[in-house]
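Work through the exercises below with the sequence and the model side by side. Each task is followed by a solution in steps.

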Amino acid sequence: MSEKYSEEWVMSRRNPNHGLEPLKRVLHRLGDPQEKLQIIHVTGTNGKGSVCNDLKEILRAEGYRTGLFTSPHLMTHRDRIRINDEIIGADVFHSYLMQFADQIEIENLGMFEIDCVIAFLWFRDQKVDYAIMEAGLGGRLDNTNVISHSVLSVVTSVAYDHMQILGHRLMQIGFEKAGIMKPYGRLVSSRLKREVESVFRYQAARRHCAYSVCPAWYDHGLRTFMFEGEEYHLSSYAQYQKKNAALALYCAEMLGINIHTERVHKALMKAQWPGRFEVVNEKPLVILDGAHNEEGMKALLESMKILPRPVRIVYSALKDKPARSMAEAYCSFADQMFVTHFDNSRADDLKDLAVPGSLVRTDWKEALKEACSGEEGSVVVTGSLYFVSLVREFLKK
C-alpha cells in the first residue's frame, strides 16, 4: 500500500474542480487541524511568495516559529511546506500521507488539496506560532480557504491572470480574491486600482471585517526604500520587491511587531525568494525570474533596466498565459531573445512563442548554453515558474 502512495503519486493527482466540501470533509475526519492554527492567509495575482517569505523572516527574527505553505515548488515538491527554513522531510511527508490515503481515494483529492492537508497537520503537530498560507488560485474557492478564521488576510495585488476561472474584469477578479476575508477579521492589501478597492471595501463592510491599505513607500535608490519614516535595504535588485517588502512590514505591524528595530531590518535584508530576480551566476550575470503574466512581466522589465548590456532573454511559457504578447514585449527590450520549450503538458508551443526577431531553440538547455556563451552582459530566464524551476535545478547541479 505504501509503495503506491508516494510523493510522485501525489504530484500526478490532478486537481478536480469539485469545490471545497471534499477537502473540508477530510480535514474534519482528521480533527480539523486548520482550526488549531493562527493563520495568515495571503492571496494576490503577483508577489504572494515574496510577501510570505519576507513576513516569515520578520516573524522568525522576532522569535516566532512560522509555518509556510507556498506554490509552485522550485527544487522538490516538498519545498511547498516548510517551518522557518526547514522543508518537510520525505519520511514525514509520507507518514502524514498515509494517515488519510484512503480518504484521498474516497474524496478524489488532487495534489494541491493533499498538500494543504499535510501542511495543516504538520504545522499543528509542530505547534507553530503562525502558519502563513499562500492561496494557489483566486481566494474564494481556493483550497486554502477551508479555514473559518485567520489572524490576518492579505492581498498583494489584483491584475489579469487565470481569467478563464476568475473572470475577465478586474472587479470580478477582485471579488474572488476578497473571498479570503473572514467575518470580524482583518484584511490588508497593497494599493489597488480604485474600482478593485471599492469591491474590497464593500465586501469588508458586509462581513464586518477591518480593511486597511498599506501606506505609501518611497524609492531611495538601488535596493533601498523608505517606509514609515525609515530606510530599509533589500538583498534583491528587483524594483518590485520594494512594494512586496513594504506590505510585509505593514502586515508585521498589524500583528503587533515593532518594525523599527535592527532585528527587522536584518530580517528583511536576509530575505531571499528563489526564482524571483534571483542571481545564480556572475559572469555572465544570470538571473532567474518567474514572471508569468503581464503584471509580472512589466515589473520584471522595469527591474531589467539596471542590468548590464547586452541583455539576452531565454523565454518559455504556459498555454494559459498571454505568452505571445509577453514574448513581443521581451523581444523589443532584449538585445537577443531565445524562445524555447520545456517538458510540461501546459507548456506553450514554439510556433506561438516565436515572435519576429526571436531565436527559436527546441532544446531549452541549448538555448541556455548559447545565451550564456559569453562573459559580458546579462542573461534573464523567465516566462514560467515551472520553467525557471527546471533551469534552476540544472544550473545548481
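A disulfide is counted when two cysteine sulfur atoms lie within 2.5 Å of each other. The model used here is predicted.

**Exercise 1.** Find out how many disulfides the structure holds, and explain why Cys331 and Cys251 do not form one.

Solution.
- Step 1. Searching the whole structure gives zero disulfides.
- Step 2. For Cys331, the closest cysteine sulfur belongs to Cys372 and is 18 Å away, so the pair is too far apart for a bond.
- Step 3. For Cys251, the closest cysteine sulfur is that of Cys214, at 7.6 Å, which is also too far for a bond because the cut-off is 2.5 Å.
- Step 4. Now take accessibility, where buried means under 20%. Cys251 has 0% relative accessibility and therefore counts as buried. Cys331 has 15%, so Cys331 counts as buried too.

**Exercise 2.** Decide whether the radius of gyration of the chain agrees with that of a compact globule, and describe the chain as a whole.

Solution.
- Step 1. A compact globule of 397 residues would have a radius of gyration near 21 Å.
- Step 2. The chain has 21 Å, so the two agree.
- Step 3. The C-alpha trace spans about 55 × 55 × 40 Å along its principal axes.
- Step 4. Of the residues, 57% count as buried. Among contacts with a separation of 6 or more, 71% join residues 24 or more positions apart.
- Step 5. The chain contains 16 helices and 17 strands.

**Exercise 3.** Locate the cis peptide bonds that precede Pro72 and Pro284.

Solution.
- Step 1. The bond from Ser71 to Pro72 is cis, with omega near -10°. Pro72 sits in the loop between β2 (66-69) and β3 (81-83).
- Step 2. Lys283 and Pro284 are also joined by a cis peptide bond, with omega about -5°. Pro284 sits in the loop between β12 (278-281) and β13 (285-289).

**Exercise 4.** Glu228 and Phe277 are residues other than glycine with positive phi. Place each one and state whether Glu228 and Phe277 are buried, partly exposed or exposed.

Solution.
- Step 1. Glu228 has phi near 50° and belongs to the loop between β10 (224-227) and β11 (230-233).
- Step 2. With 31% relative accessibility, Glu228 counts as partly exposed.
- Step 3. Phe277 has phi near 50° and belongs to the loop between α11 (262-270) and β12.
- Step 4. With 4% relative accessibility, Phe277 counts as buried.

Key: Residues are numbered from 1 along each chain as its sequence is written. This is a predicted model: local features need pLDDT of at least 70, side-chain atom pairs count only at pLDDT 80 or more; totals for chains, interfaces and linings use all residues. Side-chain values use heavy atoms; hydrogens and water are left out. Helices (H or I, at least four residues) and strands (E, at least two) are DSSP runs, numbered from the N terminus. The radius of gyration is taken over C-alpha atoms; the globule rule is 2.2 Å times the number of residues to the power 0.38. Buried means under 20% relative accessible area, exposed over 50%, partly exposed in between (1.4 Å probe, protein chains only). Contact means heavy atoms within 4.5 Å.
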